[in-house]
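The following exercises concern the structure shown below. Each task is followed by a solution that goes step by step.

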Amino acid sequence: MASRQRASTLPEMVADTPCFDLQPRAFLVAWSGVLTCAFAGWPAPVATLKSRIDAEHADAMDIEAPGSKFPKVTLAALREGRAPLSEMELR
């Protein structure tokens with residue numbers, strides 16, 4: 001009987017991931033007025049890490065929403081209850 005290999009821990013997965021560079025592509029106002037820096041795409045090490053997490057820890061993770069798969073980082077967000085940014089504020 002073959003033994004099942006234990007899943008790597010998240011710190012092990014991160015430690016196994018080589019350093020990478022993100023290439024900024026654009027600034028945008030995302031859902032609910034979140035100021036965002038979008039990147040040109042996920043580098044191969046990040047794509048591999050995401051795949052490993054999905055494969056080895058799927059039972060502990062919720063399905064990733066499409067918006068969180070997009071390569072970006074939040075720079076600022078509106079306070080809760082604040083009206084969306086106006087066209088003038090976006091200029």
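## Exercise 1: The nonpolar patch

Task: Determine which residues form the nonpolar patch on the surface, and which strands supply them.

Solution. Phe27, Val29, Leu35, Val73, Leu75 and Leu90 make up a nonpolar surface patch, and together they have about 540 Å² of accessible area. The model is predicted: local features need pLDDT of at least 70 and side-chain atom pairs pLDDT 80 or more, while totals for chains, interfaces and linings use all residues. Residues are numbered from 1 along each chain as its sequence is written, and side-chain values use heavy atoms, with hydrogens and water left out.

A patch consists of residues with over 30% relative accessible area and no salt bridge; like charges are joined within 9 Å, and nonpolar side chains (Val, Leu, Ile, Met, Phe, Trp, Tyr) within 5 Å. Accessible areas come from the Shrake-Rupley method with a 1.4 Å probe, and for residues only the protein chains shown count as cover.

Next, consider the strands. At least two patch residues come from each of β1 (24-30) and β3 (72-76); strands (E, at least two residues) and helices (H or I, at least four) are DSSP runs numbered from the N terminus. One of the patch residues, Val73, lies in β3. Val73 has a relative accessible area of 36% and is partly exposed, a class that falls between buried (under 20%) and exposed (over 50%), with a 1.4 Å probe and protein chains only.

## Exercise 2: The sheet

Task: State in which order the strands of the sheet stand, and which of them are at its edges.

Solution. The open sheet has 3 strands in the order β1-β2-β3, with antiparallel pairing. β1 and β3 are the edge strands; each has a single partner, so one side of each lacks a neighbour in the sheet. On average, neighbouring strands are turned by 25° against each other, direction ignored; the axes are lines fitted to C-alpha atoms, for helices over the stretch in contact, and angles run from 0 to 180 degrees between N-to-C directions.

Now take one pair in detail. β1 pairs with β2 (residues 34-39) in the antiparallel sense over 6 bridges, where pairing requires that DSSP finds at least two bridges between two strands. Val29 stands opposite Leu35 of β2.

## Exercise 3: Cysteines

Task: Establish how many disulfides there are, and whether Cys19 and Cys37 are buried or exposed.

Solution. A disulfide is a pair of cysteine sulfur atoms within 2.5 Å, and by this rule the count is 0. Cys19 is in no disulfide, the nearest cysteine sulfur being that of Cys37, 19 Å away. Cys19 is exposed at 78% relative accessibility, whereas Cys37 is buried at 8%.

## Exercise 4: Salt bridges

Task: Identify which residues are joined with Arg52 into one network.

Solution. The structure holds 4 salt bridges, each being a side-chain nitrogen of Lys or Arg within 4 Å of a carboxyl oxygen of Asp or Glu. In one of them, Asp16 meets Arg52, with the closest N and O atoms 3.5 Å apart. Asp16 belongs to helix α1 (residues 10-16) and Arg52 to helix α2 (residues 44-57), so this pair ties together parts 36 residues apart in sequence.

Arg52 also forms a salt bridge with Glu56, at 3.6 Å between the closest N and O atoms. Arg52 and Glu56 are 4 residues apart in helix α2, and therefore about one helical turn separates them. Through shared partners, Asp16, Arg52 and Glu56 are joined into one network.
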